[in-house]
There are 2 protein chains.
Amino acid sequence: MPKIVDVAERKKAIAEATWRVILEKGMEGATVRNIAKEAGLSLGALRHYFSNQDELLVYAMDLVTENVNKRIEEVLKKSMPLQEQVLHVLLQALPVDQQSMLEMEVWFAYIAAVKHKKEQANVPFNALFSGMEKTIYGLSEYGFLKEGLNLDLEVERLYAAVDGLAIHALFERERLDRDRVIRTLVYHLNSILKDEAVLKLPISDM
Amino acid sequence: MPKIVDVAERKKAIAEATWRVILEKGMEGATVRNIAKEAGLSLGALRHYFSNQDELLVYAMDLVTENVNKRIEEVLKKSMPLQEQVLHVLLQALPVDQQSMLEMEVWFAYIAAVKHKKEQANVPFNALFSGMEKTIYGLSEYGFLKEGLNLDLEVERLYAAVDGLAIHALFERERLDRDRVIRTLVYHLNSILKDEAVLKLPISDM
């Protein structure tokens with residue numbers, strides 16, 4: 001009787017093996033051969049799930065996005081003041097713990113590697129930008145923001161600040177630890193929030 | 001009689017050939033063989049200037065840093081109000097024209113590729129951070145900043161905003177063009193500058 005394998009589980013395990021290979025060897029080491037070895041599969045068995053390297057890498061990246069989205073959904077389910085929810089949603093996209101650091105490493109290696117392959121760069125930048133739009137316009141709509149802000153440029157600025165912090169936390173983790181990332185982000189949010197809506201440190205747990 | 005070759009010129013030409021190869025083929029295509037071909041040299045001739053790939057890549061990256069520094073020095077020589085000088089200095093680190101876009105592409109490919117090679121990652125992040133410190137503390141010392149700012153976190157925020165804009169300008173150049181990069185940066189600086197020191201758009205030419 002053939003062994004019953006949960007296809008979704010197996011694909012996930014292969015994607016996670018892909019992450020580990022990228023972390024260890026960089027994108028140029030993320031060959032189908034290395035990934036099969038890391039996943040403990042034969043090349044043939046791996047090809048049963050992914051017919052080529054591109055398909056596998058895209059899947060591995062989609063899993064990163066999916067993980068982040070799941071964590072954001074969890075935040076949105078919780079009952080808390082809007083500005084705290086915003087902070088916790090943004091923190092899901094920042095490398096502030098081991099899991100998100102790993103995701104960010106993989107993500108960064110990937111976007112850098114596909115940069116010069118125009119046809120493959122299905123990187124969901126649009127989703128991130130539109131998340132920032134929802135954040136700023138949502139805070140504004142509910143009356144949480146100071147008067148006189150240029151909301152269009154606040155979106156651009158928040159987006160830049162979050163991704164800048166993410167890159168720096170990734171490359172300069174000695175200097176920019178979790179605590180400093182959070183303090184900078186809270187500082188930025190407080191600079192645009194009305195006085196009565198400012199966030200207090202330490203931030204609430206999730 | 002042997003041909004006289006200016007070593008510095010030749011090394012620079014090889015570094016620029018390296019950039020072109022990185023742009024076209026990505027870091028994994030930046031082999032000594034490909035670079036020699038692009039530079040119109042034999043492998044042996046190239047090895048006369050650089051004994052291995054790492055040495056060549058480090059040199060090519062140092063040339064990027066050197067170019068940026070030269071442009072910054074040019075800005076600092078000009079006589080203009082401090083806040084305008086700050087803006088123009090920061091713009092030298094942003095991909096807002098063809099040359100700086102090319103440098104940013106190369107720089108990005110490089111830092112991504114050396115990410116997992118700890119021993120090689122001599123990326124001058126410290127220089128960038130310390131430039132941001134000089135900017136914020138300089139503006140403060142000369143009385144250009146609003147009262148009540150947390151200068152330490154303003155440094156972190158400016159650094160994040162600038163690098164975030166740089167990454168987004170690189171990957172989303174349709175949406176985030178030169179004009180929008182400048183508007184966002186001016187908007188950010190104006191949010192921390194005293195009313196009498198705010199920058200006006202359009203910005204002055206250099």
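Trainee: Among the elements of chain A, which helix has the lowest mean pLDDT and which the highest?

Mentor: Helix 6 (residues 98-114) of chain A has the lowest mean pLDDT, 83, and helix 9 (residues 178-192) of chain A has the highest, 97. The term pLDDT stands for the predictor's confidence in each residue, on a scale from 0 to 100. For chain A the mean pLDDT is 89, and 93% of the residues reach 70 or more. The model is predicted, with local features requiring pLDDT of at least 70 and side-chain atom pairs pLDDT 80 or more, whereas totals for chains, interfaces and linings use all residues. Residues are numbered from 1 along each chain as its sequence is written, chains are lettered from A and ligands numbered from 1 in the order in which they are written, and side-chain values use heavy atoms, with hydrogens and water left out.

Trainee: How many helices and how many strands make up the secondary structure of chain A?

Mentor: Chain A comes to 9 helices and 0 strands. Both are DSSP runs numbered from the N terminus: a helix is H or I over at least four residues, and a strand is E over at least two. From the N terminus on, the order of elements in chain A is α-α-α-α-α-α-α-α-α. The C-alpha atoms of chain A fill a box of roughly 65 × 40 × 35 Å along the principal axes.

Trainee: What makes the relation of chain A to chain B that of a two-fold axis?

Mentor: A turn of 180 degrees, with a shift of 0.0 Å along the axis, lays chain A on chain B with an RMSD of 0.0 Å. That is the relation of a two-fold axis. The superposition is by least squares on the C-alpha atoms of residues with pLDDT of at least 70 in both copies.

Trainee: Why can one say that the copies meet through the same surface?

Mentor: Of the interface residues of chain A, 100% are also interface residues in chain B, so the copies meet through the same surface.

Trainee: Why are helix 8 of chain A and helix 8 of chain B called roughly perpendicular?

Mentor: The axes of these two helices (residues 151-171 in each chain) come within 6 Å and cross at roughly 100 degrees. Axes are lines fitted to C-alpha atoms, for helices over the stretch in contact, and angles run from 0 to 180 degrees between N-to-C directions. Angles under 35 degrees count as roughly parallel, over 145 as roughly antiparallel, 65 to 115 as roughly perpendicular and the rest as oblique. Helix 8 of chain A and helix 8 of chain B are therefore roughly perpendicular to each other. Residues in this contact (heavy atoms within 4.5 Å) include A:Tyr159, A:Gly164 and A:His168 of chain A and B:Tyr159, B:Gly164 and B:His168 of chain B. The residues of the contact divide into 10 nonpolar, 4 polar and 6 charged. In this scheme Ala, Val, Leu, Ile, Met, Phe, Trp, Tyr, Cys and Pro count as nonpolar, Asp, Glu, Lys and Arg as charged, and the others, Gly among them, as polar.

Trainee: What makes helix 8 of chain A roughly antiparallel to helix 9 of chain A?

Mentor: The axes of helix 8 and helix 9 of chain A cross at roughly 170 degrees and come within 11 Å. The two helices of chain A are therefore roughly antiparallel to each other. Among the residues in contact are A:Leu158 and A:Val162 of helix 8 and A:Leu185 and A:Leu189 of helix 9. By class, this contact of chain A has 8 nonpolar, 3 polar and 2 charged residues.

Trainee: At what angle do helix 8 and helix 9 of chain B pack?

Mentor: They pack at about 170 degrees, with their axes 11 Å apart. That makes helix 8 of chain B roughly antiparallel to helix 9 of chain B.

Trainee: Which peptide bond of chain A, ending at A:Pro202, is given an omega value, and what is that value?

Mentor: The bond from A:Leu201 to A:Pro202 is cis, with omega near -5 degrees. A:Pro202 lies in the segment after helix 9 of chain A. In chain B, the bond from B:Leu201 to B:Pro202 is cis, with omega near -10 degrees.
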